[in-house]
Amino acid sequence: MKCPNCHTEVKPGSLYCPKCLTEIPWVQEFSSVETLLEKKKREAPENLPLQDKRTRKQRWILSRRTGVVLCALAAIVIVLLCYRQLHTFSALYMRADKAFAKEKYDSALGYTEMALEKEPDNLSANLLLAKILEKQGDTKSAVMVLQPMIKLYADSETLYKTMVRYLSAEGRPGEIKKILNSCESQKVLEACSEYVCMEPVSSLPPGTYTSVRTVELSAEYDRIYYTLDGTMPTQQSMKYDSPIILPEGTTELNAFGINNKNIPSDIITRKYVIVLNSPEPPEITPESGNYTENTKIEVKVPDGCRAYYAFDQIPTASSTEYERPISMPQGSHVFNAILVAANGKVSETSSREFYLEY
């Protein structure tokens, strides 16, 4: 009989095809006792043909190998999934944060660097890296880590506060000023207000004045430095401690301040022009003339001026100061007087000629 599947010749009594192992549908014989015993004897394993035994063993070996391979593949998949799960950004960052909390800074550094390989611009990871470097005594590198983050996270109060604290520790106030001046977030500036140094305020607006003026500078801090010659002030310039008297002519005032965090302010510039007018010649009474009795000479002194006089010569600011009416001397004399304003300007001389004879 031939196999119905592959058409290979099958020996009588064989239950399976020796080639493809397909079950052979023999026509059912008469089930006599002898027939059944003979059939059972033929089906016993020890009476199977050698080819059938080999086929069964091969199938068992193949099945076992397949199972082993499938188990190995499953194990590899599980290991890969576990490795992947343990090496996600979140897992690495969490392990770094825990190591930092336990003061294991080297381990924290390694986990943080691996986390940043997956998300280089993550703010939390960069802040953690900066804190680790700070703990290791390397604030300079911590600043370098955070500098690129300023452009990416311009509204982060934590980032700016951490950054200015590191710069302050590094003694770099100029960079703090530059960073905060470029910041447009009011929330950030309020959070870093102790590092913000506002410009000093001047009491006198720039302009032209016809009288002596003074300028006062004020700020929320004590150190203000200034110049009056147009040059840029430094900490070696004059320190402001009292109102500034502006001289006649043009004055260019430049000033800046330094707050308690040693942060400099911007420089303010104020230009003043003082044009001082000389006072009018003083009024003298009485008029020139001849007098025959004791007469008092009086000089009218306007507010803000002083009068100086002399007989028979031109007075100066070093002459005798007029304070009260003066008795006219006997004989013929010329009385001269001038006014000197608070701005130092001197009037022209007023003169009266008197002749007194009793």
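1. A residue counts as buried when its relative accessible area is under 20%. With that cut-off in hand, Cys305 is buried, because its relative accessible area is 17%. Please keep in mind throughout that this is a predicted model.

2. Staying with the cysteines, Cys183 is buried too, at a relative accessible area of 8%. Does a search of the whole structure find many disulfides, or zero? The search finds zero disulfides. For Cys183, the closest cysteine sulfur belongs to Cys192, and the two sulfur atoms are 7.4 Å apart, which is too far for a bond. The cut-off that matters here is 2.5 Å between the sulfur atoms. As background for that reasoning, a disulfide is a covalent bond joining the sulfur atoms of two cysteines.

3. Now to the sheets, and a five-stranded one to begin. Its strands follow the order 11-17-16-13-14, the sheet is open, and the pairing is mixed. Strand 11 (289-291) and strand 14 (320-321) stand at the edges with a single partner strand each, so one side of each has no neighbour in the sheet. At the strand 14 end, strand 13 (residues 305-311) runs antiparallel to strand 14, and two bridges join them. If you want a place to look, Tyr308 stands opposite Glu321 in strand 14.

4. There is also an open sheet of three strands, in the order 10-12-15, with antiparallel pairing. Its edge strands are strand 10 (283-285) and strand 15 (326-327), each of which pairs on one side only. Three bridges connect strand 10 with strand 12 (residues 296-300) in the antiparallel sense. Within strand 12, Lys300 is the bridge partner of Glu283.

5. Strand 9 (residues 268-274) deserves a point of its own. Strand 2 (residues 207-209) pairs with strand 9 in the parallel sense, over three bridges, and Thr208 stands opposite Val273 there. Strand 8 (residues 249-258), on the other hand, runs antiparallel to strand 9 and is joined to it by seven bridges. In that pairing, Thr251 faces Tyr272 of strand 9. For general context, strands of a sheet pair through backbone hydrogen bonds, in either the parallel or the antiparallel sense.

6. How many aromatic pairs does a search of the whole structure find? The count is eight. One that you may like to display is Tyr226 with Tyr240: the ring centres are 6.4 Å apart and the planes meet at 70°, so this pair is edge-to-face. Tyr226 lies in strand 5 (residues 223-227), while Tyr240 lies in the loop between strand 6 (238-239) and strand 7 (244-245), so the pair ties together parts that are 14 residues apart in sequence. Both tyrosines, Tyr226 and Tyr240, are buried. Elsewhere on the aromatic theme, Tyr309, Phe311 and Phe335 form one cluster.

7. Last, a look at the surface. Which residues form a nonpolar patch there? They are Val69, Leu70, Leu73 and Ile76, and together they have about 380 Å² of accessible area. Val69 sits in helix 2 (residues 50-86). This valine, Val69, has a relative accessible area of 47%, so it is classed as partly exposed.

Definitions and conventions:
Residues are numbered from 1 along each chain as its sequence is written. This is a predicted model: local features need pLDDT of at least 70, side-chain atom pairs count only at pLDDT 80 or more; totals for chains, interfaces and linings use all residues. Side-chain values use heavy atoms; hydrogens and water are left out. Two strands pair if DSSP finds at least two bridges between them. Helices (H or I, at least four residues) and strands (E, at least two) are DSSP runs, numbered from the N terminus. Patches are made of residues with over 30% relative accessible area and no salt bridge: like charges are joined within 9 Å, nonpolar side chains (Val, Leu, Ile, Met, Phe, Trp, Tyr) within 5 Å. Accessible areas come from the Shrake-Rupley method with a 1.4 Å probe; for residues, only the protein chains shown count as cover. A salt bridge is a side-chain nitrogen of Lys or Arg within 4 Å of a carboxyl oxygen of Asp or Glu. Buried means under 20% relative accessible area, exposed over 50%, partly exposed in between (1.4 Å probe, protein chains only). Rings of Phe, Tyr and Trp (its six-membered ring) pair if their centres lie within 6.5 Å; planes under 30 degrees apart count as stacked, over 60 as edge-to-face and the rest as tilted.
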